[in-house]
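Colleague: Hi, could you put the model on the screen so we can go through it together?

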Amino acid sequence: MANIQHYPLEIGWGFLLLVGYLVRLLFARCHLPGAVGIMLVGHAFSYYFQEDVYHNRDDLQRFAFLLVLLNGGFEVSVRRMRPQALLISLLPAVLEILGIALMATWTTGMAFKEGTVLASVLFPIGEGLVIPKMNEFKTKFPNHPLPRVTLTWAPLEATFALSFFSFLSSLSSVLTEGKLSILEIFLDVILRLVTTIIAGGVIGAATGWLLSRSATLKFGKKPFFTGSAVEAFLIVLALAFGGFGLAEVIPNGIAEGSHLFDPDLCVIAIGSSFAEFATPNLLHAVEGYLSGIWVFGAIILFSMLGSRTEVSVFNDVTRFFPFMVTGVCCRLIGFCIVVPVARRLSNQQVHWRRMLPEILFFWLCCLPRATLQGALGSKPIQSNFFSHSEQGVKWQEFISDGARLYILFFSVIGSVLLEIFGKKLLKATADDYHVAAPHKATPSEPHSGAVAGAVFSEAASKSKEFSIAGTPVIGPSEDGHLAAISEPDDNILDVDGVFTAGITIQDSEDLEAFSNMQEGAVSEVGSMDWSCMAEEHGHEQVFVYRNETL
């Protein structure tokens with residue numbers, strides 16, 4: 001129970017921000033999740049809670065949750081979705097949801113709908129913990145596809161989790177529960193999904209397109225916008241806030257209190273469509289500002305979550321242990337299904353001895369959990385879920401306790417296991433993806449069917465030049481960086497030396513990554529997937545690099 005104290009608001013904020021940040025750094029230096037450290041600070045703060053912070057902590061958590069939604073939208077790229085990534089991100093997650101929901105109905109007396117809400121809070125991967133670790137692995141294993149695949153499916157799963165929870169909220173909220181028929185609920189959900197995706201998509205796409213061309217919009221003879229990244233971030237954040245707020249007040253006419261748009265999904269749609277239509281440089285800059293403000297958001301989210309956490313929550317370990325075991329086992333079964341299927345889709349051999357380390361690596365990646373449990377755990381209480389159930393309040397608190405316990409348990413144990421065994425599993429699977437030495441090719445023209453392909457030569461790689469469709473387009477500039485030196489083809493480069501699909505050539509690192517690619521492999525360079533294939537051109541063998549993301 002929080003102990004409310006009367007003292008200046010500034011002292012309370014100063015304590016939360018400074019101590020929360022320092023403890024977060026301390027935990028990070030000890031290779032522990034910073035979220036747990038911030039929760040401990042929030043719990044300590046609850047013993048002398050500043051009254052204004054206490055009365056507004058729900059609104060503070062909503063602000064932090066909106067940042068989670070916007071970041072989730074930025075990380076979902078429709079163009080980069082592959083059947084393998086969709087399969088890996090959805091099937092194991094769905095199996096875990098079903099497993100936890102069924103376990104809840106069998107062991108607690110929850111209805112299946114209430115158990116599904118519990119599962120939707122507990123299952124999501126902690127992308128805030130996993131993505132930085134995958135970036136670290138990608139640096140140490142530059143040609144290994146498993147970290148790249150994880151970087152693709154982690155945000156997809158997070159977006160699926162947020163969207164699925166939003167769908168469940170329309171079924172569990174007091175505004176619809178007990179007032180609509182099954183047909184009306186179905187029509188309400190379908191209408192809400194369609195209108196939200198269209199409206200959010202249009203807003204985000206228009207914003208990305210206009211801000212990418214802000215220099216051409218003039219007021220008189222001077223540009224109207226400054227063209228700065230902070231300006232773009234401010235506009236996107238304001239539209240996300242506005243879209244979230246309007247979605248909560250515009251009715252759809254199906255029933256009293258039913259809305260035309262879904263607030264959570266609207267923010268995701270705005271972020272995703274903005275990311276698709278903004279230039280890579282603009283998107284990268286906006287993401288940088290969002291990452292900076294997320295430090296503030298994370299302190300708010302997890303400190304407020306910690307302030308709600310009682311020491312007695314650890315007494316519930318035995319109650320939630322069946323859910324933990326069931327969830328991770330269902331995940332493991334899911335990966336045992338999808339990894340062989342994904343290998344067949346990629347024309348790779350299916351051998352269980354070789355696949356086992358890959359399955360275990362993906363399984364370890366799904367164990368660290370924190371961000372979405374923190375964002376979603378308190379939503380049933382805030383939105384008064386299950387209000388028509390006699391035990392509605394009990395299940396609200398049960399879900400909230402489960403979310404906090406999952407954060408404390410899985411964020412630490414999962415991160416430690418991934419740190420210890422992640423590298424070993426990548427080394428164990430390295431032979432499957434590194435079967436040949438790097439190749440250097442000689443200059444030649446690619447065949448006429450090559451689309452967005454690049455042909456490297458040994459001489460070109462040494463002089464920091466390469467050709468696309470046989471035309472030199474990149475060369476060293478006076479400051480040692482690379483710049484375009486001729487007119488590019490469509491969908492390959494723009495006049496600034498930036499791939500329109502999202503790759504920037506700023507120095508020799510991208511060129512080195514290309515030249516070190518293995519024949520027949522697919523590797524990520526500049527956020528795009530590229531393949532390397534040997535082809536005969538005349539009497540010479542050359543290696544053609546094609547953009548597989550376009």
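Colleague: Let's start with Ala 161: which residues does it touch, not counting those up to four places away in sequence?
Modeller: Leaving out residues up to four places away in sequence, Ala 161 touches Phe 123, Pro 124 and Leu 372, where contact means heavy atoms within 4.5 Å. This is a predicted model, in which local features need pLDDT of at least 70 and side-chain atom pairs count only at pLDDT 80 or more, while totals for chains, interfaces and linings use all residues. Residues are numbered from 1 along each chain as its sequence is written, and side-chain values use heavy atoms, with hydrogens and water left out.

Colleague: Where does Ala 161 lie?
Modeller: Ala 161 is part of helix 8. Helices here are DSSP runs of H or I with at least four residues, strands are runs of E with at least two, and both are numbered from the N terminus.

Colleague: Buried or exposed?
Modeller: Ala 161 is buried, since its relative accessible area is 0%. Buried means under 20% relative accessible area, exposed over 50%, and partly exposed in between, using a 1.4 Å probe and protein chains only. Ala 161 and Leu 122 are 39 residues apart along the chain, with their C-alpha atoms separated by 9.8 Å.

Colleague: Leu 122 is in helix 6, right? Which residues of helix 6 are buried?
Modeller: Yes, and Leu 122 is on that list, along with Glu 114, Gly 115, Thr 116, Val 117, Leu 118, Ala 119, Ser 120 and Val 121. With nine of its 11 residues buried, helix 6 (residues 112-122) is largely enclosed by the rest of the structure.

Colleague: And where is Ala 111?
Modeller: Ala 111 sits in the loop between helix 5 (83-107) and helix 6. Its relative accessibility is 37%, so Ala 111 counts as partly exposed. Ala 111 and Ser 389 are 278 residues apart in sequence, yet 9.8 Å apart in space, C-alpha to C-alpha.

Colleague: Back to Leu 118 for a second. What does it touch, beyond four places in sequence?
Modeller: Leu 118 touches Ile 100, Ala 104, Met 110, Phe 320, Phe 323, Phe 398 and Ile 399. In the largest nonpolar core, which has 83 residues, Leu 118 is one of those that touch the most other members, together with Phe 74, Phe 274, Phe 323 and Phe 361. A nonpolar core is a set of buried Ala, Val, Leu, Ile, Met, Phe, Trp, Tyr and Cys residues joined through side-chain atoms within 4.5 Å. Another core lies apart from it, with 22 residues, including Ala 35, Val 53, Ile 299 and Ile 407.

Colleague: Lots of Phe there. How many aromatic pairs does the structure hold?
Modeller: There are 26 aromatic pairs. Rings of Phe, Tyr and Trp (its six-membered ring) pair if their centres lie within 6.5 Å; planes under 30 degrees apart count as stacked, over 60 as edge-to-face and the rest as tilted. Phe 165 and Phe 385 are stacked, 6.0 Å centre to centre with 25° between the planes. That pair links distant parts of the chain, 220 residues apart: Phe 165 is in helix 8 (residues 145-172), and Phe 385 is in the loop between helix 16 (379-382) and helix 17 (392-428). Phe 165 counts as buried at 1% relative accessibility, and Phe 385 does at 2%.

Colleague: What about Phe 323 and Phe 398?
Modeller: Their ring centres are 6.1 Å apart and the planes are at 75°, so that pair is edge-to-face. Phe 323 is in helix 13 (residues 317-345) and Phe 398 in helix 17, 75 residues apart, so to speak a link between distant parts of the chain. Both Phe 323 and Phe 398 are buried.

Colleague: Which ring does the charged end of Arg 369 sit over?
Modeller: The ring of Phe 410, at 5.2 Å from its centre. The test is NZ of Lys or CZ of Arg within 6 Å of the ring centre and within 35 degrees of the ring normal.

Colleague: Last topic, confidence. What pLDDT does the protein average?
Modeller: The average is 74, and 73% of the residues score at least 70; pLDDT is the predictor's confidence in each residue, from 0 to 100. Residues 434-508 have pLDDT below 50, though the stretch has 170 contacts in the model beyond near neighbours in sequence. Residues 536-542 are also below 50, with 21 such contacts. Where pLDDT is low, the predicted coordinates should not be read in detail.
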